[in-house]
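Morning, everyone. Please have the sequence and the model open, and follow along as I talk.

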Amino acid sequence: MLIFANALTRIKPVQIFDSRSFNVYKMEDQEMQVKVKRVTDKFTENMYVLANEPSVALYRLQEHVRRSLPELVQHKTDMQSWEEQSQGAIYSVEYACSAVKSMTNSSLYFKSIDGLLRQAISMKEQISTSQGRRRRTTDPRVLKEGGEKHSSGI
């Protein structure tokens with residue numbers, strides 16, 4: 001394989017082996033050697049950069065983690081405290097909901113209590129009216145007033 005230096009100016013064999021005859025070509029002028037030296041130096045530099053690039057990337061990643069980790073830890077603790085507060089609120093709401101459900105289930109009992117209270121009120125009224133009648137018949141003041149009324153009305 002032949003490698004040619006600057007194909008636009010002149011064609012000169014630069015180096016290595018001809019694959020058919022294994023002849024070594026020598027570089028003919030100093031200018032070509034400088035160009036080759038420059039290319040090999042650039043190639044070496046690029047290889048060095050590529051070889052060290054992962055470590056540079058990991059160093060940058062480490063810097064980023066070191067800078068952002070405290071803020072992330074603070075966010076995590078904030079989120080945990082908010083979670084605890086919200087869990088407490090959720091527990092309170094669930095407890096209130098169960099209390100309301102049990103109250104709606106107890107409406108039957110409240111209706112029964114309401115009926116019993118109405119019965120008690122009507123019985124008290126009946127008792128009051130019957131005691132009022134008894135007092136009129138046994139109390140002399142009630143009799144006089146009642147008697148006067150009855151006698152004047154008859």
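Let me start with a term. A helix here is a DSSP run of H or I, at least four residues long, and helices are numbered from the N terminus. With that in hand, take Glu63 and Arg60. Both sit in helix α1, three residues apart, which is about one turn of the helix. Their side chains meet in a salt bridge, 3.5 Å from N to O. Keep that pair in mind.

One caution. This is a predicted model.

Now the overview. The protein has three helices and zero strands. From the N terminus on, the order is α-α-α. Of its 154 residues, buried ones make up 6%. The protein exposes about 14,200 Å², and carbon and sulfur atoms supply 62% of that. What about contacts? Take those between residues at least 6 apart in sequence: 5% of them join residues at least 24 apart.

Next, helix α1 itself. It covers residues 30-105, which is 76 residues. How far should a helix like that span, at 1.5 Å a residue? The expected span is 112 Å. The end C-alpha atoms are 105 Å apart, so the two values agree. The helix does bend, though. At Glu53 the bend is about 45 degrees, and a proline, Pro54, follows within four residues.

Which residues of α1 are buried? They are Met32, Glu63 and Ser68. So Glu63 comes up again: buried means under 20% relative accessible area, and Glu63 is on that list while also pairing with Arg60.

Look at the surface next. Leu58, Leu61, Val65, Leu69, Leu72 and Val73 form a nonpolar patch there. Together they have about 550 Å² of accessible area. Take Leu61 as one of them. Leu61 lies in helix α1. Is Leu61 buried or exposed? Neither label fits: Leu61 is partly exposed, because its relative accessible area is 48% and the exposed class needs over 50%.

Back to salt bridges. How many does the structure hold? Four. Side chains of opposite charge can pair when their charged atoms come close. You have met one pair already, Glu63 and Arg60. Here is another: Lys37 with Asp41, where the closest N and O atoms are 3.4 Å apart. Both lie in α1, four residues apart, again about one turn of the helix. Asp41 is partly exposed, at 38% relative accessible area.

Then move to helix α2, residues 107-138. Arg118 and Asp114 meet there in a salt bridge, 3.2 Å from N to O. Why are they about one helical turn apart? Because they are four residues apart in α2. Arg118 is exposed, with a relative accessible area of 57%. Asp114 is partly exposed, at 36%.

One last point ties the spacing together. An α-helix has 3.6 residues a turn, so residues three or four places apart point the same way. Thanks for listening.

How values were computed. Residues are numbered from 1 along each chain as its sequence is written. This is a predicted model: local features need pLDDT of at least 70, side-chain atom pairs count only at pLDDT 80 or more; totals for chains, interfaces and linings use all residues. Side-chain values use heavy atoms; hydrogens and water are left out. Helices (H or I, at least four residues) and strands (E, at least two) are DSSP runs, numbered from the N terminus. The expected span of a helix is 1.5 Å times one less than its number of residues. The bend at a residue is the angle between axes fitted to the seven residues ending there and the seven starting there. Buried means under 20% relative accessible area, exposed over 50%, partly exposed in between (1.4 Å probe, protein chains only). Patches are made of residues with over 30% relative accessible area and no salt bridge: like charges are joined within 9 Å, nonpolar side chains (Val, Leu, Ile, Met, Phe, Trp, Tyr) within 5 Å. Accessible areas come from the Shrake-Rupley method with a 1.4 Å probe; for residues, only the protein chains shown count as cover. Contact means heavy atoms within 4.5 Å.
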